[in-house]
Amino acid sequence: MVVSLVILLTGCKDREITAYRAPKDAPAVTAMPQSPATDTNNLPPGHPPIGGAASPGGTDGMTQMANTPVPTAGGSDLTWSAPAAWTPKGGSSMRKGSYAVKRDGAEADFAITAFPGDTGGLHANINRWRGQVGLPAASPAELDAAVQHFDGQGLHFEVVDLAGPSGTRMLGAITSFNGNSWFFKLMGPDALVAAEKPAYLDFLKTIKAP
Amino acid sequence: MHAITRQFRDFFVSLQLTVGLLILSLILVFAATLDQVNLGIWAVQEKYFRSFFVMWQAPNSDISLPIFPGGYFIGGLLLINLVAAHIYRFQMNWRKMGIQLTHAGLIFLLIGELVTGLMQKDSSMRMEEGQTRSYSESFRDYELALLDKTDAAFDEVVAVPEAVLADEGSVQHPRLPFQVKVKAYYGNATMQMGDPAGRPGAPVATQGVGARVQVIPLPLTYKPDELNQPAAFVEIITTEGTLGTWVVSPLVGMPQTFAYQGKNWELALRLKRHYLPFSLNLLQVTHDKYPGTEIPKNFASRVRLKDEAGHEDREVVIFMNNPLRHGGQTFYQYQMNAAGKMSAFQVVSNPGWLMPYIACILMGVGLTLQFCISLAGFIRKRAGTPAVASSV
């Protein structure tokens with residue numbers, strides 16, 4: 001009987017609603033991938049290496065990558081009009097467009113790239129981006145739940161807003177055009193990118209096929 | 001003594017009962033081992049060993065019938081049998097001391113298993129280098145956490161266990177200024193992008209991620225390497241009316257929040273947390289391999305243990321077979337991802353962890369004593385025999 005009582009009491013404990021005070025969860029401390037070589041490991045299989053500015057801060061791996069021939073998207077290009085406050089930068093051969101977005105002394109990088117095919121698919125690309133801001137890879141369902149769908153001028157964008165634990169934030173949009181995948185990536189300090197989000201979404205509306 | 005009482009006593013002290021129970025336990029272990037193919041180790045333990053009866057569910061019905069005695073039943077009877085025989089046959093005689101000690105050890109072992117079965121808590125603590133944790137997470141039990149995040153320094157948490165969610169009822173708690181109504185609960189489910197209204201029959205979420213996803217129920221998994229991912233539709237009802245319906249699931253990666261009466265709330269279905277009165281900070285993970293091979297040589301995690309109450313602050317290295325024991329918890333090196341600088345510990349709290357050791361010592365001493373007594377008797381007998389022969 002004592003045994004039954006103990007078992008009953010233990011059984012009830014599994015259904016007990018508890019209330020307690022807990023310290024706040026410390027943000028994850030995963031640093032941004034330091035070397036682009038690690039970054040390359042995050043690319044989905046068969047994915048061509050992505051342009052240098054995608055991983056600011058790296059040098060060695062970037063030199064290696066610069067020497068690798070990269071197939072970029074051919075055919076006709078999309079057109080857009082960027083906000084006047086964004087300063088055009090000299091793009092690399094892999095960039096279709098490149099802008100410096102400055103505010104309050106901070107700077108974010110906006111890169112437009114395009115590659116043939118689906119470059120590994122939406123999930124693989126978002127997980128690669130998550131890695132770039134220091135977030136762990138997420139399951140397909142989590143990714144689907146985090147993607148926002150956005151219709152522009154005849155183009156459909158899949159948009160993600162990724163805030164990394166180290167204060168880096170990224171707004172990324174992917175769209176398909178003429179069999180190529182186009183990537184629009186704004187990456188920089190959290191506060192700046194958050195403040196630029198309306199301008200970024202307005203920018204997506206200006207993108208159109210020629 | 002009354003005849004019935006005597007029969008009752010004779011039944012419980014009989015050796016036939018012991019043998020019968022041992023045969024039953026053999027059959028139980030055999031059947032459970034075979035059923036592991038279907039259920040996996042976790043479910044088999046619950047169904048066969050941590051139950052009084054093995055239940056069989058009639059196909060296409062909710063009726064469950066007991067078909068075989070379970071682990072608690074057999075173990076409990078074995079314990080009663082052993083204790084009864086021990087008391088009944090106990091003689092304060094040093095010649096029997098070895099047997100008595102061995103039996104006492106066996107009783108201790110059975111009680112130890114019962115204590116372990118009822119009170120042991122297994123959980124895991126997963127950290128990346130540099131991270132500090134003061135809680136461990138259950139391996140497979142979930143909870144709906146309602147967090148009042150208004151204070152900048154701490155969260156006020158009300159945790160509702162999954163078992164309560166499964167009732168699909170309403171939850172009220174003195175710490176909650178609202179009622180939580182569980183509109184639907186799925187033990188395992190996945191989510192996909194889509195219009196929530198596209199799945200007739202399921203409730204429709206109006207807030208958070210749920211307004212953009214569909215919840216697709218899945219059959220429960222029993223595989224040891226797979227985890228059920230529950231999902232639930234919960235409605236927050238206040239005295240002024242409803243605040244909306246949310247979908248909660250461990251698959252939801254982003255925090256789902258709402259504000260009520262000037263306080264900021266967050267809801268999350270997460271693995272059940274056990275907060276500890278101390279914290280561990282993972283300083284370094286080491287994964288050594290034998291030179292020139294991929295064969296692991298050593299997994300080790302260097303952690304900093306900080307106990308505010310005990311004013312303890314020290315560094316500890318946890319590696320295979322060298323766990324950290326602190327505050328009634330044991331931290332074993334469990335998993336490691338050296339590339340990701342991640343380490344996971346199995347956190348075990350078992351108030352009965354010493355009992356098997358004591359039982360083994362008792363049994364060892366008892367058997368040795370019994371052997372020595374028998375040996376001494378034998379030697380004496382042999383030494384006496386020639387004298388008898390010569391006198392004939």
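# A guided tour of chains A and B

Select strand 3 (residues 121-128) and strand 18 (residues 342-349) of chain B: these two strands pair in the antiparallel sense over eight bridges. Strands here are DSSP runs of E of at least two residues, helices are DSSP runs of H or I of at least four residues, and both are numbered from the N terminus. Two strands pair if DSSP finds at least two bridges between them. The model is predicted, so local features need pLDDT of at least 70 and side-chain atom pairs count only at pLDDT 80 or more, while totals for chains, interfaces and linings use all residues. Residues are numbered from 1 along each chain as its sequence is written, and chains are lettered from A and ligands numbered from 1 in the order in which they are written.

**Stop 1: around strand 3 of chain B**

Begin with Met127(B), whose bridge partner in strand 18 of chain B is Ser343(B). Next, add strand 4 (residues 132-148) of chain B, which runs antiparallel to strand 3 of chain B and is joined to it by two bridges. Here Ser124(B) stands opposite Glu137(B). The hairpin of strand 3 and strand 4 of chain B has three residues between the strands, and Gly130(B) takes a positive phi near 95° in this hairpin.

**Stop 2: a sheet of four strands in chain B**

Now select the open sheet with the strand order 6-7-10-11 in chain B, where the pairing is antiparallel. Its edge strands are strand 6 (170-171) and strand 11 (241-248) of chain B, each of which pairs on one side only. Strand 6 of chain B is joined by two bridges to strand 7 (residues 179-186) of chain B, and the two run antiparallel. At this pairing, Ser170(B) stands opposite Lys181(B) in strand 7 of chain B.

**Stop 3: two packed helices in chain B**

Select helix 2 (residues 15-49) and helix 3 (residues 71-89) of chain B, which pack at an angle of about 150° with their axes 9 Å apart. Axes are lines fitted to C-alpha atoms, for helices over the stretch in contact, and angles run from 0 to 180 degrees between N-to-C directions. Helix 2 and helix 3 of chain B are therefore roughly antiparallel to each other (angles under 35 degrees count as roughly parallel, over 145 as roughly antiparallel, 65 to 115 as roughly perpendicular and the rest as oblique).

Which residues of helix 2 of chain B meet helix 3 of chain B? Among them are Leu17(B), Leu21(B), Leu24(B), Leu28(B) and Phe49(B), and the residues of helix 3 of chain B that they face include Ile74(B), Leu77(B) and Leu78(B). Two residues are in contact if their C-beta atoms, placed from the backbone, lie within 7 Å. By class, this contact has nine nonpolar, four polar and no charged residues (Ala, Val, Leu, Ile, Met, Phe, Trp, Tyr, Cys and Pro count as nonpolar, Asp, Glu, Lys and Arg as charged, and the others, Gly among them, as polar).

**Stop 4: where chain A meets chain B**

Show both chains: 27 residues of chain A are in contact with 31 residues of chain B. On the side of chain A that touches chain B, the elements giving two or more residues are helix 1 (2-13), strand 1 (18-23) and helix 5 (140-146) of chain A. Strand 1 of chain A gives the most, with six residues. The residues of this side divide into 16 nonpolar, four polar and seven charged.

Select strand 1 of chain A together with strand 5 (residues 154-161) of chain B: six bridges join these strands, which run antiparallel. In strand 5 of chain B, Phe154(B) is the bridge partner of Pro23(A).

**Stop 5: the sheet of chain A**

Finally, select chain A alone, which has six helices and eight strands. An open sheet of seven strands in this chain has the order 2-3-4-8-7-6-5, with antiparallel pairing. Strand 2 (86-88) and strand 5 (148-151) of chain A stand at the edges with a single partner strand each, so one side of each is left without a neighbour in the sheet. From one strand to the next, the twist averages 25°.

Within the sheet, strand 4 (residues 106-116) and strand 8 (residues 180-189) of chain A run antiparallel and are joined by eight bridges. Pro116(A) stands opposite Asn180(A) in strand 8 of chain A. Add helix 6 (residues 190-206) of chain A, which lies across several strands, including strand 3 (95-103), strand 6 (156-163) and strand 7 (168-177) of chain A, and runs at about 150° to strand 8 of chain A.
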